[in-house]
Amino acid sequence: MTSIRTRFAPSPSGYLHVGGARTALFNWLYARHTGGRFILRIEDTDKARSTEDSIKAIFEALEWLGIDWDEGPFYQSKRTEIYRQYIERLVRTGHAYYCTCSPEKIQQMREKAMAAGDKPRYDGTCREKNLGPQPGAVVRFRAPYSGTTVLKDVVKGNIVFQNSELDDFVICRSDGTPTYNLAVVVDDLTMEINTIIRGDDHVMNTPKQILLYKALEAQLPVFAHVPMVLGNDRSRLSKRHGATSVTAYRDMGILPDALINYLARLGWSHGDQEFFTREELIQKFDIAAVGKSAGIFDPVKLQALNADHIKASDPASLAPRLVPFLARTGIEARPDQYMAKVIATLNTRSKTLVEMAEAARFYYLDQITFDEKAARKFLKPAVAPALEKLLAKLEQLDEFSDKSLEKVFIQVMEETGLKLGKIAQPVRVALTGTSVSPGIFEIIGVLGKKRVTDRLEKALEYIRERSG
RNA sequence: GGUCCCAUCGUCUAGCGGUUUAGGACGCCGGCCUCUCACGCCGGUAACAGGGGUUCGAAUCCCCUUGGGAUCACCA
């Protein structure tokens, strides 16, 4: 049994979008699942659209996703000599021929066919002329006029194409560069790719490629065309549907494992399971279980899954990821033990790292600013005695555990006759500035004696100023 | 328009001829828990596009219709 070789072959004409990421993911997962190899190839033959920045953006996105490759990156732009050899071979074996029909003539041909209600295709003017190489000539593939070409697709099943639908497509441009279909086949052949997993927008190209494989007397790879990712209006996912780039989701505070989990589950399933770790994905992924129909990208479900991944993550391991998001809110902090404790209080109430960073700010601020509404409602003279008693008791307390803190609060409740609800909210405002936060014992435990007593004093000052 | 693909709750999906009053998840709506907000837990809402066949029996197989998508380059 030969080992599986898959590849991801993006064209660098923009950032990596989630659809492309899913294709990369499926290839990567399948290679990892089978113990095969995953190859990265950059399809940059279109000089006009390919940019260095796009290439870097794609690497960056793949790296963030944790999708690594075993071979490559290979660049089509550096392989022109290889393509030239294969094109020559096809001409030599009679599978291709030079064509001197001008683009204008082809255009006319097309318009005429369209007007007559026919399919716009090359009429074969140069097919039997046996022309040699010459300036301005392209090379066309000699496609069969009759018969059928069958694509045996792992996810779609058998798809039959009438060869009469095909025409003598160009495999080499007049400037000597190969066209997409030729380059892809030569690359996949020479890189020994035996499993091609790609978006189903490529199915119509596949019969041409199969014909090329046959002309080259090569063994066909296994094809798996996975369904597209759509926007909420069922059209192809694009910018007008909102964020589509992988890095945009990174910046929104989505965890790479959550995005991978979501993308994998969009079009693939394993019974009723929704949550998968990276390892589970590798262990359970199988192209045979990929569905046939297109799926709509749902950012809301992605967020829900992200929340699950945040919950399942070890707080300490989340700390380095949280740092840049804290920085964005003006908090410069190190991913230390303190941050791990902060995260432990926030991980069940944050859907994204952006939310978590926002909710974590009060742990780091030197100066708490009170939310006006919250302060007016809860920091009233009536609670001052309770806050004072609490302050005094906490100053005497050495160990800030849930248990010891609860004991202190119970004492204050007994002495003041106030219920916990009446005391907790003012304390919460005093410590966080707002009326929403993690549990009161939790935040006291994390903040520690110094910060807590300082903030309680500040709150008491505030109450005195307001009443006085 | 030609060709090709697809079709289960709003969305992602389970289902691969009988075990189905069609299951799970997200969302939404209730409730419980409770120091706030969440989390968690419990319950509810909601689908086999339509029509013909095949079969004792169809969401599952076949055909048609409808709807959606893809693709028709010297772009990839």
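**Entry 1: the RNA strand**

I began with RNA strand B and found 54 residues around it. The closest are Arg173, Gly267, Glu274, Arg349 and Ser437. I note here that the model is a predicted one.

Next I asked which part of RNA strand B the protein meets. Of the strand's atoms within 4 Å of the protein, 69% belong to sugar or phosphate. The rest belong to bases.

I then sorted the surrounding surface by class. I count 18 nonpolar, 15 polar and 21 charged residues near RNA strand B.

**Entry 2: polar contacts with the strand**

I looked up three individual atom pairs. At Tyr180, a polar backbone atom is 3.3 Å from a phosphate oxygen of RNA strand B. At Ile296, a backbone N or O atom lies 3.1 Å from a phosphate oxygen of the strand. Arg428 uses its side chain: a polar atom there lies 2.7 Å from a base oxygen of RNA strand B.

**Entry 3: elements that supply the surface**

Which element gives the largest share of the surface near RNA strand B? I find that it is α17, with five residues. The elements that supply at least two residues each are α4 (103-115), β12 (295-296), α10 (299-312), α17 (420-432) and α18 (440-467).

**Entry 4: helix α5**

I moved on to helix α5, residues 180-190. Is this helix largely enclosed or open? Eight of its eleven residues are buried, so I record α5 as largely enclosed by the rest of the structure.

The buried residues are Asn181, Leu182, Ala183, Val184, Val185, Val186, Asp187 and Asp188. I checked what they pack against. The list includes three strands I wrote down, β1 (5-8), β2 (37-42) and β8 (170-172). It also has β9 (195-199), along with helices α3 (80-92) and α6 (206-215).

Just after α5 I noted a backbone detail. Glu192 takes a positive phi of about 55 degrees.

**Entry 5: α3 against α5**

I took the pair α3 and α5 by itself. Their axes are 10 Å apart, and the helices pack at an angle of about 105 degrees. An angle of 65 to 115 degrees counts as roughly perpendicular, and α3 and α5 are therefore roughly perpendicular to each other.

From α3, the contact uses Ile82, Tyr83, Tyr86, Ile87 and Leu90. From α5, it uses Leu182, Ala183, Val186, Asp187, Leu189 and Thr190. By class I get nine nonpolar, one polar and one charged.

**Entry 6: α1 against α8**

I then turned to helix α1 (residues 18-34) and helix α8 (residues 256-265). Their axes come within 9 Å and cross at roughly 85 degrees. That makes α1 roughly perpendicular to α8.

On α1, the contact residues are Val18, Ala21, Arg22, Leu25, Phe26 and Leu29. On α8, they are Ile260, Leu263 and Ala264. I count eight nonpolar, no polar and one charged among the residues of this contact.

**Entry 7: Tyr363**

Last, I picked a single residue, Tyr363, in helix α13 (residues 353-364). Is Tyr363 buried or exposed? Its relative accessibility is 0%, so I count Tyr363 as buried.

I listed its contacts, leaving aside neighbours within four places in sequence. Tyr363 is in contact with Tyr338, Val342, Thr345, Leu346 and Pro438, among others. Ile443, Val446, Leu447, Arg451 and Arg455 are also in contact with Tyr363.

One separation went into the notebook too. Tyr363 and Val154 are 209 residues apart along the chain, and their C-alpha atoms are separated by 53 Å.

Technical notes. Residues are numbered from 1 along each chain as its sequence is written. Chains are lettered from A and ligands numbered from 1 in the order in which they are written. This is a predicted model: local features need pLDDT of at least 70, side-chain atom pairs count only at pLDDT 80 or more; totals for chains, interfaces and linings use all residues. Side-chain values use heavy atoms; hydrogens and water are left out. A residue is near a molecule or strand if one of its heavy atoms lies within 4 Å of it. A polar contact is a pair of N or O atoms within 3.5 Å; within protein, one must be able to donate a hydrogen and the other to accept it, and residues adjacent in sequence count only if both atoms are side-chain atoms. Helices (H or I, at least four residues) and strands (E, at least two) are DSSP runs, numbered from the N terminus. Ala, Val, Leu, Ile, Met, Phe, Trp, Tyr, Cys and Pro count as nonpolar, Asp, Glu, Lys and Arg as charged, and the others, Gly among them, as polar. Axes are lines fitted to C-alpha atoms, for helices over the stretch in contact, and angles run from 0 to 180 degrees between N-to-C directions. Angles under 35 degrees count as roughly parallel, over 145 as roughly antiparallel, 65 to 115 as roughly perpendicular and the rest as oblique. Contact means heavy atoms within 4.5 Å. Buried means under 20% relative accessible area, exposed over 50%, partly exposed in between (1.4 Å probe, protein chains only).
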